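Here are a few exercises to work through with the model open beside you. Try each one yourself before you read its solution.

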Amino acid sequence: FLEGKKQDSLPNNSYLESTEALVNANTTASDAFAKDLRITKYIEGTTSSTNSVFNNAIEITNQTGHEVNLDGYKLNIQNYNSTTATYYFSNAFQLEGKIAQGESFVVINPYSNLTCYTLDQAKFVTASTPLTFTGSQYLELAYKGSPIDAVGTKSSYNTNNNVSLYRKSTILQPNINFDLNEWQAYPMNYCENLGTLSSEEIKTK
């Protein structure tokens, strides 16, 4: 493992469980803080199985007003079975550790070669199924089995391909019902300020 980082050296379908006690704190949407963690950046860039390139990354931000223990938080992805014409959830990626109030961290595919962000900068580096997403798939951040934020619409073919989506600074709350109006779209492989809050977001803390 790299110091201070979870580097996925297990099989793609495995994950590590945190044994730390969960810190419980209640916030509501009416507060000046977010009610839970949220996805703030979604990078769906160049993908080439031939050249082993997967420019996939997710940024998660804590503006709940308190430190959050990541035990119980997972990234889930929905796949499509063309034979049965049904959608199903693949193996999830378990987050671990803690995230401080006002902090953002990145989960990135190890085959990423983004020009403005390196693997060493990420908190989690994993080739697990959720980090092989395409823009057609539904991706969610869940806590103990319940979705708390999402990119894409569940059980649908989505069109978030070849784009970087940045959550607008005016959007503080997570949303399980994906709304593209909450996001600013940038060209494929755009990754400026990945892993950091903008000055506008910092002001809302």
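A residue is called buried under 20% relative accessible area, exposed over 50%, and partly exposed in between. Keep in mind that this is a predicted model.

**Exercise 1.** Work out whether Tyr-186 and Tyr-190 are stacked, edge-to-face or tilted, and say how accessible Tyr-190 is.

*Solution.* Start with the geometry. A pair of aromatic rings is described by the distance of the centres and the angle of the planes. For Tyr-186 and Tyr-190, the centres are 4.3 Å apart and the planes meet at 10°. Planes under 30 degrees apart count as stacked, so Tyr-186 and Tyr-190 are a stacked pair. Next, accessibility: Tyr-190 has a relative accessible area of 28%, so Tyr-190 is partly exposed. Tyr-186 also comes out at 28%, and is partly exposed too.

**Exercise 2.** Find how many aromatic pairs the structure holds, then describe the pair of Tyr-42 and Phe-133.

*Solution.* The count is 11 aromatic pairs. One of them brings the ring centres of Tyr-42 and Phe-133 to 4.9 Å, with planes at 25°, so this pair is stacked. Now locate the partners: Tyr-42 sits in strand β2 (residues 38-48), while Phe-133 belongs to the loop between β10 (124-125) and β11 (139-143). They are 91 residues apart, so the pair links distant parts of the chain. Finally, check burial. Tyr-42 has 1% relative accessible area, which makes it buried, and Phe-133, at 2%, is buried as well. While you're looking at rings, find the cluster that ring pairs make out of Phe-93, Phe-105 and Phe-124.

**Exercise 3.** Describe how β11 and β12 are arranged.

*Solution.* First, the direction: β11 pairs with strand β12 (residues 146-151) in the antiparallel sense, over 5 bridges. Pick out one bridge, and you'll see Glu-140 partnered with Ala-150 in β12. Then look at the connection. The two strands, β11 and β12, make a hairpin with 2 residues between them, and Lys-144 in the turn has a positive phi of about 50°.

**Exercise 4.** Locate the disulfide and say which parts of the chain it ties together.

*Solution.* There is 1 disulfide to find. It joins Cys-116 to Cys-191, with 1.7 Å from S to S. The angle about the S-S bond is 125°, and the link is right-handed. Cys-116 is in the loop between β9 (104-108) and β10, and Cys-191 is in the loop between β14 (183-187) and α1 (199-203), so the bond ties together parts 75 residues apart in sequence. To finish, compare accessibility: Cys-116 is partly exposed at 29%, whereas Cys-191 is buried at 1%.

Definitions and conventions: Residues numbered from 1 in each chain as written. Predicted model: local features only at pLDDT ≥ 70, side-chain atom pairs only at ≥ 80, totals over all residues. Heavy atoms only, no water. Phe/Tyr/Trp six-rings, centres within 6.5 Å; stacked < 30°, edge-to-face > 60°. Helix = DSSP H or I, 4+ residues; strand = E, 2+ residues; numbered from the N terminus. Buried < 20%, exposed > 50% of the residue type's maximum accessible area, 1.4 Å probe, protein only. Pairing = 2+ DSSP bridges. Disulfide = S-S within 2.5 Å.
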